[in-house]
Amino acid sequence: MMKNETIRSDVTVIGGGLAGVCAAIAAARLGSQVVLVNNRPVLGGNSSSEVRVWVCGATAHGINRYARETGIMGELFVENQYRNPEGNPYLWDLVILEAVRAEPNITLLLNTDVHEVEADGPEENRTIRSVTGWMMGSERRIRMESPVFLDCTGDGLVGFMAGARSRIGREASREYGEAWAPEEADGITLGSTLLFYTKDAGHPVRFVPPSFAKDITQTPIPIKRVIRSGDSGCHYWWIEWGGELDTVHDNEVIRDELWSVIYGIWDYIKNSGRFEADAMTLEWVGSIPGKREYRRFVGDYVLNQNDIIAQEPFPDRIAFGGWSIDLHPPQGMYAEASGSKHMHADGIYHIPYRSLYSANVSNLLFAGRNISASHVAFGTTRVMATCAVMGEAAGTAAALCAAKGVPPRAIYRSHLHELQQTLLRQDAAVIGLRHEDDRDLARQAKVSASSVRGSIGVTKPHSAYRLERDAAILFPVEPGMQGLELLVNASGDTRLMVELWDTGRPENYVPCTKVAEAEAAVSKGEAQWISLPLAWAPDTPQNAFVIIRGNPDISLYRAAEPLTGVLAFEKGAVPNASADLEDHDENQPVVAWSMKALVRQPFCFKVLGTTAAYSPAKAVGGYKRPFGGPNLWASDSLGPEDEAWLQLTWESEITLQEVRLTWNDDVNEDLINLHHHRTPFEIIPELVKSYRIEARIRGEWGTIASVQDNRRRSNRIALNERISADALRLVIEQTNGAPAAELVEIRVY
């Protein structure tokens with residue numbers, strides 16, 4: 001007999017992809033009782049072991065700088081890097097599942113397909129009363145009731161059944177003035193993809209193709225796409241089709257066509273004689289098409305192409321993205337055109353809260369690929385790490401809605417500051433908002449430290465770098481610089497030419513406006529420090545982008561160790577992808593100036609003068625991410641037995657019960673869940689490994705907390721009881737490999 005059940009909660013999240021997972025965790029951590037419903041047996045959506053798409057985000061595979069997501073998505077990235085360096089899809093499933101199960105406020109319903117929505121009210125003011133799902137294999141019919149619902153289904157089925165306004169396909173260019181939109185609106189979307197994995201069996205393996213395998217030599221695929229016998233997984237993202245069909249109603253047709261091409265490609269690899277593939281065999285073939293696009297809801301604001309490219313700093317920004325606007329030809333894998341064309345902003349862009357709630361269903365929030373965005377803007381917001389950070393924002397808003405008894409629009413109108421400050425407190429991925437939480441006692445304290453990095457320089461050379469093209473160094477300037485020195489070799493007497501540029505916006509890391517230039521004579525010789533008269537005292541602290549003009553007679557030196565706040569670039573480096581697969585405009589600054597080959601290997605240089613960019617005050621009441629500077633306290637270099645400390649001192653005794661710490665986990669490091677690259681470390685070296693917290697109580701110092709083997713960015717230290725003290729000292733005992741202690745933020749409650 002079928003079981004009928006009703007579950008009442010504060011928040012119901014439908015969809016267990018990364019947007020839904022992060023929404024559920026965010027709401028649960030803020031005290032809401034949450035039901036998370038997923039129609040598959042595993043969490044993660046397109047990133048799960050069932051589909052196996054890489055989790056891409058604002059880093060754009062290392063194109064954007066300091067752009068890796070923080071918050072819940074950041075936690076998943078960093079935990080996966082430690083647990084799953086091989087990028088095993090099943091271990092990624094576990095990382096996500098454990099993150100959900102760690103939250104006692106979440107009721108998780110897997111294998112539960114929501115197919116009924118009860119909603120009422122006029123068209124312009126609908127309200128969802130309940131959703132009902134069928135748990136496959138369990139014969140349970142479950143009705144879920146809550147004051148707030150989140151549609152994180154991707155396809156937007158729940159909102160659609162509730163009557164939420166939505167659209168499918170491409171808007172006309174005149175609607176939002178978008179250069180990349182077609183002249184007339186149409187129903188074309190991005191297509192869906194199936195992936196496959198291969199392995200070397202160690203002995204010859206025969207492949208007999210199925211009867212439905214397509215002869216790909218009769219298609220443009222062998223000429224217009226890249227096929228290699230050792231590739232698998234997301235290397236074949238371009239096996240895409242269905243953009244001219246209905247990606248939902250024609251899902252089965254699309255799957256069969258994708259299967260025919262996968263087996264046709266494998267037949268071509270195994271049996272054409274063009275590849276060394278005798279011992280190769282198929283290990284896994286996907287059976288659930290990874291959908292890119294379907295419904296997009298209409299919110300109070302529709303994000304568009306111009307907002308992305310202008311990096312519009314919305315007053316209600318609650319998350320950021322950074323993937324390119326990445327659109328694919330409607331014919332997918334059969335197109336003669338490149339598999340994708342890309343338009344990049346000059347850095348990350350901001351996402352407004354108004355794009356995360358329905359314009360006409362009063363208690364509906366959404367996150368993921370179904371947010372309120374035009375088709376062109378969706379070309380960047382659709383990638384999964386961006387979906388995840390929007391999920392955290394929507395889940396945070398849902399928790400505030402439930403706690404206050406108000407709809408999502410009221411959060412925008414009356415509680416926006418609280419939403420943004422809550423996101424900052426939770427370390428969510430928001431850029432350019434300053435911490436203003438009056439309950440944080442650390443903001444009232446005097447801050448001091450055992451030492452501070454008072455100068456900027458990279459002085460230990462590792463290898464020479466011939467200056468065959470323009471190169472660049474980025475570093476913080478606060479309050480000013482008196483000059484610059486570069487370590488060079490010269491094969492003959494020559495001249496070294498440099499230019500000092502600002503970056504325009506604090507969130508950008510490209511040259512914007514030239515400030516000064518200088519040149520110096522260089523004599524033939526090796527390992528010379530060359531002094532350049534570059535002085536600058538900007539009105540506000542910001543980064544300098546110093547261009548070193550190409551000169552093949554000169555070599556710079558690369559260092560083997562990074563310096564936080566410093567990046568190195570080369571101009572016009574070789575692109576990583578074939579133009580048949582990815583069409584990038586190499587004149588766009590973030591593409592032209594690449595750091596990929598120089599990550600953690602800056603050039604050797606010295607900035608003349610002292611810096612306040614790493615002062616102890618940076619750890620309180622400021623920004624939680626790089627923004628016009630590194631925004632953290634850094635100690636001087638430490639010896640093996642040295643400790644570093646940061647101290648908060650109050651004029652009178654305060655009462656506290658919680659300390660929140662945010663360590664530096666180098667958000668410039670590009671992490672991917674199913675790795676297309678491996679980092680040389682399993683734990684970010686800059687993360688502090690062991691530390692203790694001491695309190696001064698009635699004149700006596702005592703340890704109130706101690707942590708060993710930390711590998712996480714955010715630490716929340718809840719004390720068993722409230723204590724009264726007039727000073728706190730955070731003592732860093734050991735890092736995970738970095739030569740100095742680095743702390744982004746300390747909060748005391």
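**Exercise 1. Work out the strand order of the six-stranded open sheet, and find the strands that stand at its edges.**

Solution. The open sheet of six strands runs in the order β26-β25-β28-β23-β30-β32, and its pairing is antiparallel. The edges are taken by β26 (513–522) and β32 (593–594), and because each of these has a single partner strand, one side of each is left without a neighbour in the sheet. This assignment, like everything below, rests on a predicted model. Within the sheet, β23 (residues 471–477) and β28 (residues 542–548) run antiparallel and are joined by seven bridges. To fix the register of this pair, take Phe-475, whose bridge partner in β28 is Ala-544.

**Exercise 2. Describe the surroundings of Asp-502, and decide whether this residue is buried or exposed.**

Solution. Begin with the location, which is strand β25 (residues 494–502). The relative accessibility of Asp-502 is 16%, and since buried means under 20%, Asp-502 counts as buried. Next, list the contacts beyond four places in sequence: Asp-502 touches Val-510, Pro-511, Cys-512, Thr-513, Val-515, Trp-536, Gln-542 and Asn-543. For one of these, Val-515, the separation is 13 residues in sequence and 6.7 Å in space, C-alpha to C-alpha. Finally, the side chain of Asp-502 reaches the backbone nitrogen of Gly-504 at 3.3 Å.

**Exercise 3. Place Pro-552 in the chain and identify what it contacts.**

Solution. Pro-552 belongs to the loop between β28 and β29 (554–559). With a relative accessibility of 44%, Pro-552 counts as partly exposed, because that class lies between the 20% and 50% limits. Once neighbours within four places in sequence are set aside, the contacts of Pro-552 are Arg-466 and Leu-467. The C-alpha atom of Pro-552 is also separated by 10.0 Å from that of Tyr-465, although the two residues are 87 residues apart along the chain.

**Exercise 4. Check the length of helix α3, then establish which of its residues are buried and what they pack against.**

Solution. Helix α3 (residues 89–101) has 13 residues, and the expected span is 1.5 Å times one less than the number of residues. The expected value is therefore 18 Å, which agrees with the 19 Å between the end C-alpha atoms. The buried residues of α3 are Pro-89, Trp-92, Asp-93, Val-95, Ile-96, Leu-97, Ala-99 and Val-100. When reading such a list, recall that an α-helix has 3.6 residues a turn, so residues three or four places apart point the same way. The packing partners of these buried residues are α1 (18–29), β3 (34–37), α2 (71–83), β4 (106–109) and β11 (196–200). At the N-terminal end, α3 is capped by Asn-88, a side-chain oxygen of which lies 2.8 Å from the backbone nitrogen of Tyr-90.

**Exercise 5. Determine how many residues of β39 are buried, and trace the pairings of this strand with β34 and β35.**

Solution. Strand β39 (residues 742–748) is mostly covered, with seven of its seven residues buried. Its pairing with β34 (residues 633–634) is antiparallel and extends over two bridges, in which the partner of Ala-634 is Glu-742. Its pairing with β35 is also antiparallel, with five bridges, and here Trp-663 stands opposite Leu-743.

The loop that follows β35 (644–663) and leads to β36 (688–697) contains Thr-679, which is buried at a relative accessible area of 10%. The side chain of Thr-679 reaches the backbone oxygen of Phe-681 at 2.7 Å, and, neighbours within four places in sequence aside, Thr-679 is in contact with Gln-81, Glu-669 and Leu-671.

**Exercise 6. Classify the ring pair of Tyr-301 and Phe-314, and locate the charges that sit over rings.**

Solution. The model has 16 aromatic pairs. In the pair of Tyr-301 and Phe-314, the centres are 5.4 Å apart and the angle between the planes is 65°, so the pair is edge-to-face, given that this class requires an angle over 60 degrees. Tyr-301 is in the loop between β14 (296–297) and α8 (305–310), and Phe-314 in the loop between α8 and β15 (317–321), 13 residues apart. Tyr-301 is partly exposed at 21% relative accessible area, whereas Phe-314 is buried at 3%. Ring pairs also link Phe-196, Tyr-236, Trp-238 and Trp-266 into a cluster.

As for charges, Arg-52 lies over the face of Trp-284, at 4.0 Å from the ring centre, and the charged end of Arg-729 sits over the ring of Trp-645, 5.0 Å from its centre.

Key: Residues numbered from 1 in each chain as written. Predicted model: local features only at pLDDT ≥ 70, side-chain atom pairs only at ≥ 80, totals over all residues. Heavy atoms only, no water. Helix = DSSP H or I, 4+ residues; strand = E, 2+ residues; numbered from the N terminus. Buried < 20%, exposed > 50% of the residue type's maximum accessible area, 1.4 Å probe, protein only. Polar contact = N/O pair within 3.5 Å; in protein donor to acceptor, adjacent residues only side chain to side chain. Contact = heavy atoms within 4.5 Å. Pairing = 2+ DSSP bridges. Phe/Tyr/Trp six-rings, centres within 6.5 Å; stacked < 30°, edge-to-face > 60°. Lys NZ or Arg CZ within 6 Å of the ring centre and 35° of its normal.
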